[in-house]
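Here is a short briefing to read beside the model. Grab a viewer, and we will go through it topic by topic.

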Amino acid sequence: MADIPTPFPQPDRDTAKFWEAQNEHRLVFQKCSQCGSIRYLVGPLCPECHSFEHEWAESSGRGTIYSFTTVRHQTHPAFVPPYTVLLVEMEEGPRLVAQLRAPEGTEVVIGAAVHVEWEDHEKQSLPVFELDE
Ligand SMILES: [Zn+2]
């Protein structure tokens with residue numbers, strides 16, 4: 001079988017800074033310059049006050065597991081199961097989907113504290129989460 005490339009995000013005008021920061025191992029969220037709300041997913045417009053102005057605020061990288069699933073059925077040739085995908089509620093409020101980095105068989109509990117770590121690939125670093133000690 002031919003090598004199947006791993007799919008990666010395709011940065012655009014709005015999301016480029018978000019992905020560039022991840023290559024520096026920084027998780028950032030858009031923060032509205034008008035009303036101060038944190039917005040995620042990245043977008044051109046604040047959903048609270050409709051302002052186009054924003055800055056990039058660095059996340060603490062800490063959150064809690066809001067939900068999770070363990071993938072046991074292969075849905076893409078580049079992703080070999082089993083692996084656990086988390087929905088993490090970040091301290092800043094947004095909920096982020098990313099993979100859990102932990103030994104196979106690790107017990108995962110909703111509400112458990114996690115922190116971001118980084119998985120480096122040739123062109124794009126991606127966040128993963130590890131359970132706090
Ligand atoms: Zn706003």
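Cys32 is a buried residue, because its relative accessible area of 2% falls under the 20% cut-off. Cys35, by contrast, counts as partly exposed at 40% relative accessibility. Both cysteines hold the zinc ion through their SG atoms, in what is a predicted model.

**The zinc site**

- Cys32, Cys35, Cys46 and Cys49 coordinate the zinc ion, each through SG, at 2.3 Å.
- What arrangement do the 4 donor atoms around the zinc ion make? The arrangement is tetrahedral, because the angles that the donor atoms subtend run from 101 to 115°, and the class asks for all angles between 85 and 135 degrees.
- If you like to search by motif, the donor residues follow the spacing C-x2-C-x10-C-x2-C along the sequence.

**Overall layout**

- The protein chain contains 1 helix and 8 strands.
- In sequence order, these elements give the pattern α-β-β-β-β-β-β-β-β.
- For setting up a box, note that the C-alpha trace spans about 50 × 35 × 25 Å along its principal axes.
- Of the 133 residues in the chain, 30% count as buried.
- Gln30 sits in strand E1, and this residue is buried because its relative accessible area is 0%.
- Between the C-alpha atoms of Gln30 and Ser60 there are 14 Å of space, while the two residues are 30 residues apart along the chain.

**The largest pocket**

- The largest pocket holds about 510 Å³ of space.
- Its lining is made up of 21 residues, and Phe79, Ala98, Gln99, Leu126 and Pro127 are the closest to the pocket centre.
- Helix H1 (16-23) and strands E5 (83-90), E6 (95-100) and E8 (126-131) are the elements that each give two or more residues to this lining.
- Which element gives the largest share of the lining of the largest pocket? That is E6, with 4 residues.
- Sorted by class, the lining of the largest pocket has 16 nonpolar, 4 polar and 1 charged residues.
- Domain 1 (10-58) and domain 2 (60-133) each supply at least three residues to the lining of the largest pocket.

**The second largest pocket**

- About 310 Å³ of space lies in the second largest pocket.
- This pocket is lined by 17 residues, and the closest to its centre are Tyr83, Thr84, Pro103, Glu104 and Gly105.
- Strand E4 (62-71), E5 and E6 are the elements that give two or more residues to the lining of the second largest pocket.
- E5 and E6 therefore appear among the contributors to both pockets, given that an element here is a DSSP run.
- In terms of class, the lining of the second largest pocket has 8 nonpolar, 5 polar and 4 charged residues.

**Backbone points to check**

- Tyr40 and Leu41 are joined by a cis peptide bond, with omega at about 10°.
- Leu41 belongs to the loop between strand E2 (38-39) and strand E3 (54-58).
- A cis peptide bond also runs from Pro81 to Pro82, where omega is near 0°.
- Pro82 is placed in the loop that links E4 and E5.
- His25 is not a glycine, yet its phi is positive, at about 60°.
- You will find His25 in the loop between H1 and strand E1 (28-32), and it counts as partly exposed with 37% relative accessibility.
- His50 is another residue that is not a glycine but has a positive phi, here about 70°.
- Where does His50 lie? His50 is in the loop between E2 and E3.
- Is His50 buried or exposed? His50 is exposed, because its relative accessible area of 53% is over the 50% cut-off.

Key:
Residues are numbered from 1 along each chain as its sequence is written. This is a predicted model: local features need pLDDT of at least 70, side-chain atom pairs count only at pLDDT 80 or more; totals for chains, interfaces and linings use all residues. Side-chain values use heavy atoms; hydrogens and water are left out. Donors are N, O and S atoms within 2.8 Å of the metal (3.2 Å for Na, K and Ca); water is not among the atoms, so sites may look incomplete. Four donors count as tetrahedral if all angles lie between 85 and 135 degrees; four count as square planar and six as octahedral if opposite donors are over 155 degrees apart and all others between 65 and 115; anything else is irregular. Buried means under 20% relative accessible area, exposed over 50%, partly exposed in between (1.4 Å probe, protein chains only). On a 1 Å grid over the protein atoms alone, a cavity is a set of points where a 1.4 Å probe fits but cannot get out, and a pocket is an open set with protein on both sides within 12 Å along at least five of seven lines; lining residues have an atom within 4 Å of a point. Grid points are joined across faces, edges and corners, and a volume is the space filled by probe spheres set on the points. Ala, Val, Leu, Ile, Met, Phe, Trp, Tyr, Cys and Pro count as nonpolar, Asp, Glu, Lys and Arg as charged, and the others, Gly among them, as polar. Domain bounds come from an automatic or database domain assignment.
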